[in-house]
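Please explain how this chain is put together, starting from its sheet and ending at its packed interior. Careful wording and explicit cut-offs would be welcome.

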Amino acid sequence: MELKIKFNRRLSYRQAKNTVIIALILGLSVSAIQIAIDFINEREKTDRVVLEVISMFQDSAARAVYDIDELAAKGVILGLFKYQPIHQVDIKDNFGSVLNTGKREDSLRKKGWLEHLARKVFEENKKYSVDLFIAGHKNPVGIIEVSVDTYLVAENFFSRAVMVFISGILRNIALSCVLMLMFYYLLTQPLLKIVKTLNKVDTNKPGEMLIEVSKDHKDDELGLLVNTINMMLNGFDNTLINLRKSEQVIRELNKDLEQRVKDRTYELEAANKELEAFSYSVSHDLRAPLRALDGFSQALTEDYYDKLDDEGRDFLQRIRLASQKMGGLIDDLLKLSRVTRDEMKRDKVNLSAMVVEILEILRTREPDRNVKTSVQGQLTVYGDPFLIRIMLDNLLGNAWKYSSKVAEARIYFGSENTTGVQHFYIKDNGAGFNMIYVEKLFKAFNRLHTPDQFDGTGIGLAIVQRVINRHGGRIWAEAKEGEGAIFRFIL
């Protein structure tokens, strides 16, 4: 893998950048403090220098006022103008009359934003006033007033401030370059060497190529990182060895499992063939004697009915009922076997339409019964239409049968979604059952009612459960004796 890292994403650059930013902020803060101190000192220095210059000419100015000598006063003003910041000088007597005045020409001063800034910071034309005394006189004989041009004072200050800022920025740029190089050689370059070595590691044998750490980094964080990586490579190597051993074991187990599956498949195929043979035998070999038994019993009833007494007639009737019941049981067993063995063919099934059709067939069989039905429309599922029809035949048939002794029977079919999963239900107001025996409900040949109460073989609900299991769903029931039952199922 080629190592391409953008310059601005390198650790050396990012470390240097962060360090320089912090240093720049601190440096500028220190420079600002330094400039503020320099500003205070500059103002104090200006006051001190101006007063010293005035004091140099104070006696001469006092003598000129006392003698009312304008020429001498002019000489004092010219002497004061030798100090460049002094802009204007007024020499007055003690009555406020101006003996002489002087003002420096504006051509010596620059115009622009710096002048405006200087006047904002250092005050515009700062004025100084000093009393003039003559030896032997207690009261002043006059006053000298001096105006100072703040721009000339501020110019030097701003020059120094700019130099402080520029030098600070240049210092930080130099520092960033030094730090970037230092971080590159101390951090980025060793890390790149580690990455290049890792790229050469054989993924099948990672423990054979360990990373060497230089003496300079043996005891620092990079040395710790390299040692940790080497430990991980050794661990990966051991893990790979164990994985290969596990893979070998899994291959052997898979071979054994495949053989077991083949053996089990062969056994299942043999069992299915035996079941098919049994089904064929039941449907042909057992049905023939039952048909003969029922047929001869019917012949006896029709041809010799008058020759038999009441007891004989009762015996014949019982024989016929028993043979018919045995035929129905054989049919249910075959149906249970077929439900388990038949291949499923899934399709969209309209449950509502199928339920309406089954209820119409039940009404046709018993037209005299008063049964009120309610079917929720447009309920569909995806499943095997043939198996679902068998399931609904049994559930609706049970609801129809167990509500037969109710004057106004009711059967409901619908759907609910109370737990976030859609389920369907078939409800009746028939005989119901005791919930203590609910566990026996879906087991073959287990009946919760006697044959005298309701006929049946005890296979129907077992068939229903197998159909639902084959669709990956589940079924459960709730009931009360004498109040009906409700069967809920999910497909």
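The paragraphs below go from the sheet to the helices that cover it, and then to the cores.

This is a predicted model, in which local features need pLDDT of at least 70 and side-chain atom pairs count only at pLDDT 80 or more, while totals for chains, interfaces and linings use all residues. Residues are numbered from 1 along each chain as its sequence is written, and side-chain values use heavy atoms, with hydrogens and water left out.

Five strands make up an open sheet with mixed pairing, in the order 6-8-9-11-10; helices (H or I, at least four residues) and strands (E, at least two) are DSSP runs numbered from the N terminus, and two strands pair if DSSP finds at least two bridges between them. Strand 6 (371-375) and strand 10 (474-480) are the edge strands, each pairing on one side only, and the twist averages 10 degrees from one strand to the next. Within the sheet, strand 8 (residues 409-416) and strand 9 (residues 423-428) are joined in the antiparallel sense over six bridges, and Gly414 stands opposite Tyr425 in strand 9.

Helix 8 (residues 351-365) lies across strand 6, strand 8 and strand 9, and runs at about 170 degrees to strand 6; axes here are lines fitted to C-alpha atoms, for helices over the stretch in contact (heavy atoms within 4.5 Å), and angles run from 0 to 180 degrees between N-to-C directions. Helix 10 (residues 460-470) lies across strand 10 and strand 11 (484-490), at about 140 degrees to strand 10.

What covers helix 9 can be approached through burial: 13 of its 18 residues are buried, where buried means under 20% relative accessible area (1.4 Å probe, protein chains only). At the N-terminal end of helix 9, Asp384 acts as a cap, with a side-chain oxygen 3.0 Å from the backbone nitrogen of Phe386.

In soluble globular proteins, nonpolar side chains tend to be buried together. The largest nonpolar core (a set of buried Ala, Val, Leu, Ile, Met, Phe, Trp, Tyr and Cys residues joined through side-chain atoms within 4.5 Å) has 41 residues, of which Met391, Leu392, Leu395, Leu396, Phe487 and Phe489 touch the most other members. Helix 9 (385-402) is among the elements that give two or more residues to this core, and its nine residues are the largest share. Not counting residues up to four places away in sequence, Met391 touches Val464, Val467, Ile468, Phe489 and Leu491. A second, separate core of 24 residues includes Ala64, Val65, Tyr128 and Val146.

Notes: Buried < 20%, exposed > 50% of the residue type's maximum accessible area, 1.4 Å probe, protein only. Polar contact = N/O pair within 3.5 Å; in protein donor to acceptor, adjacent residues only side chain to side chain.
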